[in-house]
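Thanks for coming, everyone. Please pull up the sequence and the coordinates, and keep both open while I talk.

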Amino acid sequence: RGRAVLTSLQFAMVLLLLVGAGLLAQSYRRVLATRLGFDPRGLYFSSIEPPSEQQRDAALTSALYQRIADRLRAEPGVEEAAVVNFLPLGRAGVPTRIEVPGRTPRSEDLATYVTVSEAYLRTLRIPLVRGRWFTEQEMRLPGNGIVISEAVAKRHWPGQDPVGKPLTIFRSSQARPEFGRAVPSVVIGVVGDVRQYGVESNPDPAVYVPLAAEPWAWVSLVVRARDASVTPEGLRRAVMEIEPRLLPMGPGQS
């Protein structure tokens, strides 16, 4: 009788483990099936904070970020490197109001304010849906062009081509003296929606502006590896070559 009870208990435990493994596998499949809006395979990422004197000068900050991205791009095994103020799936972001000329502003007209370097779209493999991305010239000397996500396009211009349409956004970096200033802009392109606040959240409306237009006081670096020769330690050394006084967080891998 004791052996029978023990056998029953063992069978029940095995059944629980199998059920748990099955649920975990289902959850993993759901994550893989979720459209993130970018390709996470082979990505390395790290947040950095420049020295305080460079943070205060927007031009110095922008130039530093560009040098770091160029150095990472030159690292063996690296396919692309980019800079962004908030990483996708990072559960963080700063919203900006969106105003379309001739329309009454609404409290729900918000979008995540994303400042990026020129290679950001290629590095994350975010699809360009309509229009174009920023040129290198526009990244160095930003004009009034802006790129929006599909969610912004569908909300403000449903069934229309938003390229060439005017809209106004607002400076969103509280570390800069121009915080809150209106920026009249023109849509030059539309990109796919990205999940900013987690896998379980809906894709978020977003507007993209050149990093030089509003360099964040701290940013995230994103590197796409071409092969297995890329390591977090090698990337950290490359960054420290440019500015050894940076305050980096530990690099992660996707």
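Two cavities of 30 Å³ or more sit in this structure. Bear in mind that this is a predicted model. Take the second largest cavity. Its space comes to about 80 Å³. Lining it are 13 residues, and those closest to its centre are Val114, Val194, Gln196, Ala206 and Tyr208. By class, the lining splits into seven nonpolar, four polar and two charged residues. Which strands each supply at least two residues of that lining? They are β4 and β9.

So let's go to β9. This strand covers residues 206-210. How many of its five residues are buried? Five of the five are, and the strand is mostly covered. Look at the two sides separately. One side carries Ala206, Tyr208 and Pro210, and the other carries Val207 and Val209. Both faces are covered, and these residues are all buried.

Now the neighbours of β9 in the sheet pairing. β4, residues 110-116, runs parallel to β9, with five bridges joining the two. β6, residues 145-149, runs antiparallel to β9, and here the count is two bridges. Keep an eye on Tyr208. Valine 114 of the cavity lining stands opposite tyrosine 208 in β9. Valine 147 also has tyrosine 208 as its bridge partner in β9. And Tyr208 itself is among the residues closest to the centre of the second largest cavity.

Next, proline 210. It is found in strand β9. Why does proline 210 count as buried? Because its relative accessibility is 4%, and the cut-off for buried is under 20%. Who does proline 210 touch, leaving out residues up to four places away in sequence? The contacts are Val116, Phe134, Glu138, Met139 and Pro142. There is a long-range pair here too. Proline 210 and threonine 115 are 95 residues apart in sequence, yet 5.6 Å apart in space, C-alpha to C-alpha.

Compare that with another proline. Proline 95 has its place in strand β3, residues 95-97. Buried or partly exposed? Proline 95 is partly exposed, at a relative accessible area of 49%. Its C-alpha is 8.9 Å from that of valine 114, with their positions 19 residues apart in sequence. That is the valine 114 that stands opposite tyrosine 208.

On to the largest pocket. Its volume is about 300 Å³. Of the 15 lining residues, the closest to its centre are Gln66, Ser117, Glu118, Met139 and Arg140. Two elements give two or more residues to this lining: α3, residues 58-73, and α5, residues 136-140. Which of them gives the most? That is α3, with five residues. The class split is six nonpolar, three polar and six charged. Note Met139 in that central group. Met139 is also one of the residues that proline 210 touches.

α3 comes back when we look at helix α7. α7 spans residues 232-242, and its buried residues are Gly234, Leu235, Ala238 and Val239. Seen down the axis of α7, these buried residues fall within an arc of 135 degrees, so they line one face of the helix. What covers them? The cover includes α3, together with β1 (43-48), β2 (78-84) and β10 (219-225).

One more strand pair. β7 is residues 166-170, and four of its five residues are buried, so the rest of the structure largely encloses it. β7 pairs with β8, residues 182-191, in the antiparallel sense, over five bridges. Within that pairing, threonine 168 stands opposite proline 184 in β8.

Last item, a backbone angle. Most residues other than glycine have a negative phi. Arginine 125 is not a glycine, yet its phi is positive, about 60 degrees. Where is arginine 125 found? It is in the loop between α4 (120-124) and β5 (128-131). Its relative accessible area is 41%, so arginine 125 counts as partly exposed.

To recap. β9 is mostly covered, and β4 and β9 each give at least two residues to the lining of the second largest cavity. α3 gives the most to the lining of the largest pocket, and α3 also helps cover the buried residues of α7. Over to you.

Notes: Residues are numbered from 1 along each chain as its sequence is written. This is a predicted model: local features need pLDDT of at least 70, side-chain atom pairs count only at pLDDT 80 or more; totals for chains, interfaces and linings use all residues. Side-chain values use heavy atoms; hydrogens and water are left out. Buried means under 20% relative accessible area, exposed over 50%, partly exposed in between (1.4 Å probe, protein chains only). Two strands pair if DSSP finds at least two bridges between them. On a 1 Å grid over the protein atoms alone, a cavity is a set of points where a 1.4 Å probe fits but cannot get out, and a pocket is an open set with protein on both sides within 12 Å along at least five of seven lines; lining residues have an atom within 4 Å of a point. Grid points are joined across faces, edges and corners, and a volume is the space filled by probe spheres set on the points. Ala, Val, Leu, Ile, Met, Phe, Trp, Tyr, Cys and Pro count as nonpolar, Asp, Glu, Lys and Arg as charged, and the others, Gly among them, as polar. The arc is that of the directions from the helix axis to the C-beta atoms. Contact means heavy atoms within 4.5 Å.
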